[in-house]
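Q: Hey, could you walk me through this one before I head back to the bench?
A: Sure, pull it up and ask away.

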Amino acid sequence: MCGIAAIFAYGEMAPPVDRDELIRMRDQMASRGPDGTGEWISENRRVGLGHRRLSIIDLSPASDEPLFNTDRSLAITFNGEIYNYKELRARMAARGYPFKSQGDAEVVLAMYEMCGIDETVKALRGMYAFAIWDRRKQGMLLARDPFGIKPLYYSDNGHTIRLASTVKALRTSGKVDLSPDPAGHVGFFLWGHLPDPFTLVKGIRTLPAGSTMWVDRSGTKPPREFCNISSILREAEEQSVIGGQRSEVGSPVGSSSGGQVELLRSALAETVKFHLVADVPVGVFLSSGLDSTTIAALAAEQGGNLRTVTLGFQEYKGTNADETPLAEDFAKRCGADHQTIWVSRADFEAERDHLFESMDRPTIDGVNTFFVSLAARQADLKVALSGVGGDEIFATYPSFRDIPRTVGLVRPLPLLPIFGREFRMITAPVIKRFTSPKYAGLFEYGGTYGGAYLLRRSLFMPWELPQLLDPEMVREGWEQLQTLLRLDDTLDGVQNPRLKVSALELQWYMRHQLLRDSDWAGMGHSVEIRVPFVDVDFLKQIGPMLSRPDAPSKRDMAAASSKLMTPEILDRRKTGFQIPVREWLLTDQPGHAIDSPHRIADRGLRGWAKYVYRSFGGTLLPQKPARRLPRVLRNPPLLVNDTLKVPPKRILVFRIGQLGDTIVSVPAMWLVRKSFPNAHIALLCDRHPGKSHVVASSLLRGSNIFDEYLSYPVAAASDLWRKSTMATLLASIRTKRFDTLVYLAPTGRTPDQIARDRRFFKLAGIRNFIGMKGFKALEPKELLILRLAASGLEVAPGDASRTDLGLGAGEETAVGEWLGTLPDDGGKLWIAVGPGSKMPAKRWPLRRFEELGRKLIEEFDIWPAVFGGEEDKMIGDWLLQKWGRGYNAAGALGIRSSLAAMKRCALFLGNDTGTMHMAAAMGLRCVAIFSSRERPGLWYPQGTGHKVFRSTIDCEGCGLVECLERANECLKRINTTEVLDACQEILREALRTTSTQTGADSPRNLEPVLPTS
């Protein structure tokens, strides 16, 4: 497995090959070939070949590429593996070919030279994509394996062709047309992946699977197909009938002639044997499913040291979705050297950037393969076998049942095309409110296998696409794709219902989704994924029995394969590789925010598709604008001074927001209490059911600021629900007879919002208003104290910094009990770490926190304590595991107990979050890492002596919840060196101060004396 690149300047006026460009393309694919590099440029600089090597067969330098024949008239750059290379090598050696290596790439070169391309591609058994330069013919040959397991992309501008194993490598050349290709964009939302030959840009295409392409001085010739999967299935169907192989209907494979069972077992054993060919250890991705267990059992029978790896998710541990116990039991039964690798959300956070860097083209799948490949790499495996293809061949998907049934029911209906279209147009707006919008297209598409397959597999239906993308792009893309026509072409000549669905699944879902995902996800970790079921020779051997009435099922396949497959294994329910995608990828993403313009209310993986699309720079149409406000609220009257004629007796303080919003407003809340010491004061705040946001009352109870706490739920629901909620809140406030409102809503509140709020509280019976004056006159910063002063409240020195939260013995006791369950810290100095954030745009890379903590431990022998919400627990556990020490308070302590624990720390290191504001409120000096989403100075920690890091960037003030286009570039500009310097300065001062104490004890029992500046 490797990464290949090539440039051929075939046109007379084409500029010569640029070596820097070739190397840039090659090295963009470094993870595909970390074991070696090579490049060659012809003397006339018309041809250049590049190669990145992952050494698997013949590990010696003799197989370094590009490779040449004896007289250097032929050169090859090759990606993939030829499993029957030894047999082919023996044939060529017998004919006198002088081999210089023991590798498979040279065998391909020898076959081409001695047999020609047609015989070569017919003889190769494996997965491959390669380019051969033929000096004698002054041309270049491109070829790709029959199933399209290995990718090959090219860009041809009419005088120069460039090719590479990845789209991203071609993009780095700087000489490719990157204008959007409507077919690629529409295809992604239609399927959740990009169907060949399209990409997101017009200048890059995919060489079709099972095709060769020739380029010479006269230009690029059209791709020429040498293998077609539908043709193999059609021929197998014909053989089944002509050969008289049909048995009695309903007779299972196991009960028919022993020859049929032996044929299946022999074909399975042979394909696994060939896929084990390597000069490095080959492992197996082992789940509890029959595909992977069959492969593991057959591999075990080949002898040698079988290695298996299973991926476990902490979120599933001990549940029905946890496949690790079953996989471990079967690995033991096979005598395998087995490893279970556990992954948590924290690991995902640490690998998030790597995931999208590896993802070559947008796809809604592949995350599971990415993590199991990571597990394989952690197990020191370069090669692993996967069960991809088993479902498509042995008819396990629901599509094998549903599609023939749908076609059988819908096709007989009269006037189907006209009726179906009219039915869809009438029902689509209604159906989508209750169930999948696909049901609206049942009569329009369900009468053909191609249409029914589109209904089954599509992500969005064609009529939905203009709501996502520019309608003109949708029209043009749909015309380019010719989806229904290409689906019908896939079925050309195939009559058997099961084989029809197999043809569709093998050449659409498997080829464009599963195989592409296996390639980028494995290569992202320099792991080669092999797929024994996806093998032309295997398909030809078992094809005739697939069209029989008693065609083998998945269970039949597994039962025939090995004696290791017991009835308990054969009959247990499959779980397969699963991953908590929505929990990890979409929780607390912008699409889950209540007021998000990108709210993810979609079924299935639709929201994830939008997320992925934006991460590739795609732009979606905005949602419909909200209803306009009534005229009186669109043009609110100018605010005037609010004068209190009599001292208020019952005050309602209105403050919304999350933890950080509450903490920064504490000084203003204390000013209200100081100004009206005898009044009954209540706090009204928002809460988010189902979310992990801290409710203000949880923080402020015990502070003695408020006498009462009120809240109202904020949730994604209908307008009717919101009106009902607001009516209930209004009635509740009226019954409490408040006479005064202190308006501590954020300073960024718009005039329309302020006017709306004022009307609401007037309806609740409130007549006096404080804090609604002076919004425009103030600096754009959260300085609530100034707003209160503008309403006549007297502000004294120190009022703006009062953050007393009334912590006492109860909180200290809770901390002590928590510490009593943990290992001793050895008297080390604590530092508080806050690596999380509910906003992805605020997250400094997790690996940088890990690196920083490790360096601080090495230099100062500190004891890190991670703080945050329940959602940060996994991150904290991951960091502590990497550091080998520390405490994780995230999710373990309540909000007020966390504050008490923070008082034991010497500094805070973390992102711009409520946790940072907690630390500042406790008097800690903060080393705070800020994104540039807000203007400079906004939301900085309160107090002095803090070190704030924020980079300057042209997009500052964007206000994004998640930075998809530039991937948090502003945060990545903040390097660990400068942050480490700040931590070192504060820690040295803290240690000097602590060293002057007498009888100093562990931070478990004693709060360190902190600097005040």
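Q: How confident is the predictor in the protein chain?
A: The protein chain has an average pLDDT of 87, and 87% of the residues score at least 70. pLDDT is the predictor's confidence in each residue, from 0 to 100. This is a predicted model, so local features need pLDDT of at least 70 and side-chain atom pairs count only at pLDDT 80 or more, while totals for chains, interfaces and linings use all residues. Residues are numbered from 1 along each chain as its sequence is written, and side-chain values use heavy atoms, leaving out hydrogens and water.

Q: Where does pLDDT stay under 50?
A: Over residues 590-601, with 26 contacts beyond four places in sequence, and over residues 625-643, with 22 such contacts. A contact means heavy atoms within 4.5 Å. Where pLDDT is low, the predicted coordinates should not be read in detail.

Q: Switching topic: how many disulfides does the structure hold?
A: It holds 0 disulfides, a disulfide being a pair of cysteine sulfur atoms within 2.5 Å.

Q: What about Cys955, why no bond to Cys958?
A: Because the sulfur of Cys955 is 5.6 Å from the one in Cys958, its closest cysteine sulfur, and that's too far for a bond.

Q: And is Cys955 buried or exposed?
A: Cys955 is partly exposed, with a relative accessible area of 28%, whereas Cys334 is buried at 13%. Buried means under 20% relative accessible area, exposed over 50%, partly exposed in between (1.4 Å probe, protein chains only).

Q: How much of the protein chain is buried?
A: Buried residues are 59% of its 1013 residues.
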